[in-house]
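Q: Please take a close look at one part of this protein. I would like to know what lies around a buried serine in one of the helices, and how that fits the chain as a whole.

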Amino acid sequence: MLDTKTILASRTVWANLIGLAALVLGLFGFDGSALTTGAVEEAVVQLLAAGSFIASTVFRILATKQILN
């Protein structure tokens with residue numbers, strides 16, 4: 001395989017970066033009180049992180065299938 005793409009062109013990398021950012025914001029106590037309140041904010045951050053890691057897995061599987069075909 002001679003064709004490669006930059007690391008920032010990878011959907012897998014972007015999905016992981018979004019998930020990591022959501023986790024880091026949660027760890028540092030991101031104050032999104034202007035957006036939501038309490039438990040809802042924490043749930044949204046956790047859902048964002050979980051969704052991005054699921055997307056990362058899906059993108060990795062799709063990329064592997066494309067290479068094998």
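A: Of the 69 residues of the protein, 16% count as buried. The model is predicted, and the protein in it has 2 helices and 0 strands. About 5,500 Å² is exposed, with 71% of that area supplied by carbon and sulfur atoms.

The serine is Ser 56, in helix α2, which covers residues 39-68. Ser 56 has a relative accessibility of 7% and therefore counts as buried, the cut-off being under 20%. Apart from neighbours within four places in sequence, Ser 56 is in contact with Thr 12, Ala 15 and Asn 16. Helix α1 spans residues 11-27, so the three contacts of Ser 56 carry numbers that fall in that range.

Thr 12 also gives a reference point for another residue of helix α2, Ile 61. The C-alpha atoms of Ile 61 and Thr 12 are separated by 9.8 Å, while the two residues are 49 apart along the chain. Ile 61 has 44% relative accessibility and counts as partly exposed, because that value lies between the 20% and 50% limits.

In helix α1 there is also Trp 14. With a relative accessible area of 42%, Trp 14 is partly exposed. Together with Ile 7, Leu 8 and Leu 17, Trp 14 makes a nonpolar surface patch of about 420 Å². Trp 14 can be part of such a patch because its 42% is above the required 30%.

Key:
Residues are numbered from 1 along each chain as its sequence is written. This is a predicted model: local features need pLDDT of at least 70, side-chain atom pairs count only at pLDDT 80 or more; totals for chains, interfaces and linings use all residues. Side-chain values use heavy atoms; hydrogens and water are left out. Patches are made of residues with over 30% relative accessible area and no salt bridge: like charges are joined within 9 Å, nonpolar side chains (Val, Leu, Ile, Met, Phe, Trp, Tyr) within 5 Å. Accessible areas come from the Shrake-Rupley method with a 1.4 Å probe; for residues, only the protein chains shown count as cover. A salt bridge is a side-chain nitrogen of Lys or Arg within 4 Å of a carboxyl oxygen of Asp or Glu. Helices (H or I, at least four residues) and strands (E, at least two) are DSSP runs, numbered from the N terminus. Buried means under 20% relative accessible area, exposed over 50%, partly exposed in between (1.4 Å probe, protein chains only). Contact means heavy atoms within 4.5 Å.
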